[in-house]
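Please look through the model shown here and follow how some of its side chains are placed, beginning with a ring and the residues around that ring.

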Amino acid sequence: MIQTISVPIASHRYSIYVGKGAVNRLPRLLRSWNVRGNLFVVSQAKILRLHGAKLKKILSSLHLPVYFHVIPDRESSKSQRELFRLYEAMLRAKLDRSSTVLALGGGVVGDLTGFAASTFKRGVGLVHIPTTLLAQVDSSIGGKTAINLEAGKNLVGSFYHPKAVIADTEFLKTLPREKISDSLAEVIKYGMMKKEFFSWLKGNLSGALKKDIAILEKIVLESARIKAKVVTVDPDESRGYRDILNYGHTFAHGFEAAAGYKKQLTHGKAVACGMIAACDLALRLGLTTPETARQQLQLIRCCGLPVSLRSFGFTPQQIFRYFLVDKKARDGKIKFILPQRIGKLLAVKGIRPSLVRETLQQIL
């Protein structure tokens, strides 16, 4: 059964479709939007080998021209070079304002494609078809698009909400265990936002790692509902409420930038260590309890995620400089999302740099 989550924002209302076979709804949705222009699919070679033929067959019923563009399978694809290569391909495909771009893949595909769609001819239609657990629970929802700069992650981007997100849980069957494990870091983040979900995760993470589709579908649904609720209140981060979704990410983005966005440090590993660092900092400030830190650490370990980054040889000074260019920094003051307890996160800024460095020394 396919379930629908509505995301009503000021510009338009869109839906997240979750469930086995959700991608089969695509022709019906495109017809309902009266799409007449060319269709343009952005993906990666590995994903197209797994799912490209199926998507091509589904789209063939629309009798519209379909073009495919392939980007490299790495975080560094979120670059100026790949963005402009994508623009040139969109021009060759004769896309116009009546065209629709489909992002088939994980977070890298979604971020790059979303930014291109938001800026090409000042905006063309966009549909996210996330194929990874990470993209289904997080990156495809909320309209954030971006590319990276050498100075930091996601520093150039836009808020551009899609026409729909199609989270077909059938795609998750093809993911290797390590990809599921990596994605569960973001899921734990949502657990830290909602106590009941955290409690449920404690008894079901092992099933998720075994690719139990019923458990994965519940994870996608609950995570998407939590994020959709936050995004509806604060679709473009102008109210500050949406900052809560950055739990663990200020640290994580610093770690990823220091690692040069290489595959050795995946986003999930960085977020896992970022949440541990956030909990450590909250303990130093007296905001949380050792029990909160223990329970979070237990879930992270259960997923097989790292709890320190000592093998990378980072220094606190090296990481700290990336914090200063973080999008949420104001007047040289860094904002951190920290846990008060499971189910309650707080935005805190103006923290003494010495305390942040002590936390970094602990995890590095």
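In this predicted model, Trp200 has a relative accessibility of 23% and therefore counts as partly exposed, whereas Phe197, with a relative accessible area of 3%, is buried. The two residues are three places apart in helix H7 (residues 195-202), which means that about one helical turn separates them. In an α-helix there are 3.6 residues a turn, so residues three or four places apart point the same way. Phe197 and Trp200 form a stacked aromatic pair, with 6.1 Å from centre to centre and 15° between the planes, and the count of aromatic pairs in the model comes to nine.

A charged side chain also meets the ring of Trp200, and a similar arrangement is found at Phe320; both are set out in the table.

| Charged residue | Ring beneath its charged end | Distance to ring centre |
|---|---|---|
| Lys218 | Trp200 | 5.5 Å |
| Arg357 | Phe320 | 4.3 Å |

Trp200 is also among the contacts of Ile215, which, leaving aside neighbours within four places in sequence, touches Trp200, Asn204, Gly207 and Ala208. Ile215 belongs to helix H9 (residues 213-233), and Ile215 counts as buried because its relative accessibility is 13%, under the 20% cut-off. Between the C-alpha atoms of Ile215 and Gly286 the distance in space is 35 Å, and the two residues are 71 places apart in sequence.

The ring of Phe320 leads to another part of the model, since ring pairs link Phe251, Phe255, Phe320, Phe323 and Phe336 into a cluster. Among the buried residues of helix H10 are Phe251 and Phe255, together with others including His249, His253 and Glu256. Because 10 of the 10 residues of helix H10 (residues 249-258) are buried, this helix is largely enclosed by the rest of the structure. What do the buried residues of H10 pack against? Their partners are the strands E8 (152-159) and E10 (335-341), and the helices H6 (177-193), H11 (267-284), H13 (316-323) and H14 (353-363). Just after H10, Gly260 takes a positive phi of about 70°.

A last residue to consider is Asn38, which lies in the loop between helix H1 (26-32) and strand E3 (39-43). Is Asn38 buried or exposed? With 15% relative accessibility, Asn38 counts as buried. A polar atom of the Asn38 side chain lies 2.8 Å from the backbone oxygen of Ala93, and Ala93 is also one of the residues that Asn38 contacts beyond its neighbours within four places in sequence, including Pro65, Tyr67 and Thr100.

Notes:
Residues numbered from 1 in each chain as written. Predicted model: local features only at pLDDT ≥ 70, side-chain atom pairs only at ≥ 80, totals over all residues. Heavy atoms only, no water. Helix = DSSP H or I, 4+ residues; strand = E, 2+ residues; numbered from the N terminus. Buried < 20%, exposed > 50% of the residue type's maximum accessible area, 1.4 Å probe, protein only. Polar contact = N/O pair within 3.5 Å; in protein donor to acceptor, adjacent residues only side chain to side chain. Contact = heavy atoms within 4.5 Å. Phe/Tyr/Trp six-rings, centres within 6.5 Å; stacked < 30°, edge-to-face > 60°. Lys NZ or Arg CZ within 6 Å of the ring centre and 35° of its normal.
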